[in-house]
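I opened the model and kept notes as I went. Here is what I looked up.

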Amino acid sequence: LGTCLSIPNVGYNPKSAHALRFLKDNGDGKVYEDLAYTIPRKFESFWPEAKVLSVQTNGGSTGNNLTPKCYVTGDGCTQDVNPTLHQPSSRVAFDFDGPTRRGGRRFQSTDVSLLSSSEEVVSNNNNDVYVTAKSYSEYNTNQELQTFFKEVSSYMLTRDDEEVSGKIRVAAFLPSYIKQMEGSTAASGIDYNENEAVAVYDYAFVMKKIDEADAASL
């Protein structure tokens, strides 16, 4: 659980909708996903037993430096204290409290970085489909576990332009050096192409526009 942020709980179908937020960049006018807002809600929707405690991004940074932590209590989240938290980001880190396989609960931390991305608009039966492809590296601090995955998403407006129907495919990869670092003997002598996915997951989703009041009720 929680080792692939695109689908934090593979195979689980969230019982209720969760809010996403998209903002417009004041610089180039492009629309981007507000990771500081979206990630905690998405994570908890897929893993209801977990609770996100704080979140950081590298918003507004030309490098990879993280903003101060924004806590679930509201501390460190205001514009004057954390002015770049909600700016375009390629890295997000968060702390959460969640159950463990051995029982009990544990404070855990996850750090996810965008490695590459591309986007295009394609035509499908006279409908424009917006497609994105993004590759990520995720490091789970407490487990000392690093994962790599690629996310391909498609978005298409419905006929009445009231909703967006979409699909997401996530492919997980196992670089050979990770296997070597783990010192595993189970797969010793087995050659494989590290550029081919070891697992692929597909989900479909529907998005609709809501206001702040509706989002707060989710």
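I started with the contacts of Glu151 (contact means heavy atoms within 4.5 Å). Leaving out residues up to four places away in sequence, Glu151 touches Ser6, Thr132, Ala133, Lys134, Tyr136, Ile168, Arg169 and Val170.

Before going on, I noted that this is a predicted model, where local features need pLDDT of at least 70, side-chain atom pairs count only at pLDDT 80 or more, and totals for chains, interfaces and linings use all residues. Residues are numbered from 1 along each chain as its sequence is written, and side-chain values use heavy atoms, with hydrogens and water left out.

I placed Glu151 in strand β8, residues 145–157 (a strand is a DSSP run of E, at least two residues, numbered from the N terminus). Which side chain of opposite charge is nearest to Glu151? I found Lys42, 4.8 Å away. Glu151 is buried (under 20% relative accessible area, 1.4 Å probe, protein chains only) and has no salt bridge. That term needs a side-chain nitrogen of Lys or Arg within 4 Å of a carboxyl oxygen of Asp or Glu. I did find a polar contact of 2.5 Å between the side chains of Glu151 and Ser6 (N or O atoms within 3.5 Å, one able to donate a hydrogen and the other to accept it; residues adjacent in sequence count only if both atoms are side-chain atoms).

Next I checked Tyr201, which sits in strand β10, residues 199–208. Setting aside neighbours within four places in sequence, I listed its contacts as Ile7, Val10, Ile168, Arg169 and Val170. I also looked up Tyr201 against Asn125: 76 residues apart in sequence, 25 Å apart C-alpha to C-alpha.

Note on methods. Helix = DSSP H or I, 4+ residues; strand = E, 2+ residues; numbered from the N terminus. Buried < 20%, exposed > 50% of the residue type's maximum accessible area, 1.4 Å probe, protein only. Lys, Arg positive; Asp, Glu negative; His and termini not counted.
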